[in-house]
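Dear colleague,

I am handing over a structure for you to look through at your own pace. Please open it first, and then read the notes that follow.

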Amino acid sequence: MATNKISLNNIKQDFTIRDLQNISEIKAHTIRIWEKRYNLLQPKRTDTNIRSYSHQNLTKLLNISLLNKNGFKISKIAEMSEAEIIQNARDLAFKIAINDEAINSLKLAMFQFDETLFNETYNKLLHKITFREVFKQVFIPFLEQIGLLWQTETLLPAHEHFISNLIAQKIQINTEKLQAISSNSKNTYVLFLPENEIHELGLLYLNYELVLRGNHTIYLGQSLPLNNLSYFFNSDRKITFVTSLTIQPYNDHIISYFNEIDTILKDCKHHFIAIGKKTNAVQGSEFKSKILLYESIKDLLKVWVIKMHTEIL
C-alpha cells in the first residue's frame with residue numbers, strides 16, 4: 001500500500017525540548033548531552049538562547065531512541081549518516097514490533113505520516129499476538145500517550161486524525177471478517193455517540209467485541225441526537241443502547257442528558273450502557289430505567305468476561 005501523501009502546510013514544525021521529552025520519553029538533560037557531545041541534533045536558538053527543534057529533529061530523535069533502547073550505543077549511532085539512522089530504525093521497527101517498541105514505531109508513523117510504517121508494524125504484531133491483544137496491549141497504551149501529548153499541546157489534529165483513521169480501518173476490517181459469519185443471536189446492540197461527539201475508536205472496538213461474541217449490532221457512529229433514536233426506542237424488541245462519553249455532553253448538561261434518557265426508557269425493556277469517566281458525574285443516581293455506567297471499556301469487558309465464565313460454569 002502506498003504511503004499517504006499529506007501536505008505539511010499548517011503542520012507543527014517547531015518543538016521545544018519539553019515536547020521532545022514528552023514524545024520520546026528521553027529526559028531533556030540527556031537530549032542536551034547528546035547534542036553537545038555527539039552533535040546528534042541541531043536546534044535553532046531564539047535571541048534568548050531557547051532551543052527550537054524542527055520536525056526532522058523530532059523524527060530523528062525517535063529513531064535514535066528506538067535504536068538506543070535496543071542495544072545500539074549512542075556513540076555508534078552518532079557515527080551513522082542520517083540515511084543509515086532512518087534505515088536501521090525502520091529495519092528494527094519491522095523486526096521487533098512488540099509493545100514499547102511498537103508504540104515507538106507508531107509514534108514515528110504518526111509524526112511522519114507514514115502509512116507504510118504503520119502497516120508494517122501492525123502486521124508484525126499480528127504474527128506474534130491476536131488482533132484483540134494488539135488493541136489492548138499496543139493501541140490502547142498508544143492512544144493514552146496521544147492523550148497526554150494533546151494535554152501538552154504537542155500534537156496537532158492532523159497527527160491524531162491520521163493515526164486514528166488508520167486504527168479505525170483495522171478495527172473495521174476485523175469486524176467485517178466476523179460479520180461474514182451469520183449470527184442467530186437474539187441480542188441487539190445499538191451503538192452511537194452523543195451529539196457533537198466524534199471520538200469513536202473505543203466504540204468501534206466495542207462493536208468488534210460484541211460481534212465477536214455473536215451479537216447482532218447496529219452501529220450508528222458519531223454525533224447522534226437522542227431524538228434520532230426514536231425508531232429503536234419504540235421497538236418491541238429488547239435493545240441495549242451503548243454510547244461512549246469523551247467530551248460530550250458538557251459537564252453542566254450531563255445530568256439532564258441522563259435524565260432525558262431515563263424518562264424515555266423508564267417504561268421500556270431496553271437497556272442503556274454509557275462508558276467514560278464523565279459518567280462519574282451521575283454515578284449513584286437512582287434511575288427508573290435500566291442504565292448501566294462504566295468508567296472505561298476495560299471495566300465493561302471485565303464484567304462480560306465474568307458473566308460469560310459464570311454462564312459456562
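How many bridges join strand β7 (residues 271-275) to β8? Five bridges do so, and the two strands run parallel, where strands (E, at least two residues) and helices (H or I, at least four) are DSSP runs numbered from the N terminus.

Before going on, please note that this is a predicted model, in which local features need pLDDT of at least 70 and side-chain atom pairs count only at pLDDT 80 or more, while totals for chains, interfaces and linings use all residues. Residues are numbered from 1 along each chain as its sequence is written, and side-chain values use heavy atoms, with hydrogens and water left out.

The pairing of β7 and β8 belongs to an open sheet of five strands in the order β5-β4-β6-β7-β8, with parallel pairing (two strands pair if DSSP finds at least two bridges between them). Its edge strands, β5 (216-221) and β8 (290-294), each pair on one side only. Within the sheet, F272 stands opposite I291 in β8.

Helix α10 (residues 201-212) has 12 residues and its end C-alpha atoms are 17 Å apart, which agrees with the 16 Å expected at 1.5 Å a residue, because the expected span is 1.5 Å times one less than the number of residues. Of these 12 residues, 10 are buried (under 20% relative accessible area, with a 1.4 Å probe and protein chains only), including L206 and Y208. Just after α10, G214 takes a positive phi of about 85 degrees.

With kind regards

Definitions and conventions:
Buried means under 20% relative accessible area, exposed over 50%, partly exposed in between (1.4 Å probe, protein chains only).
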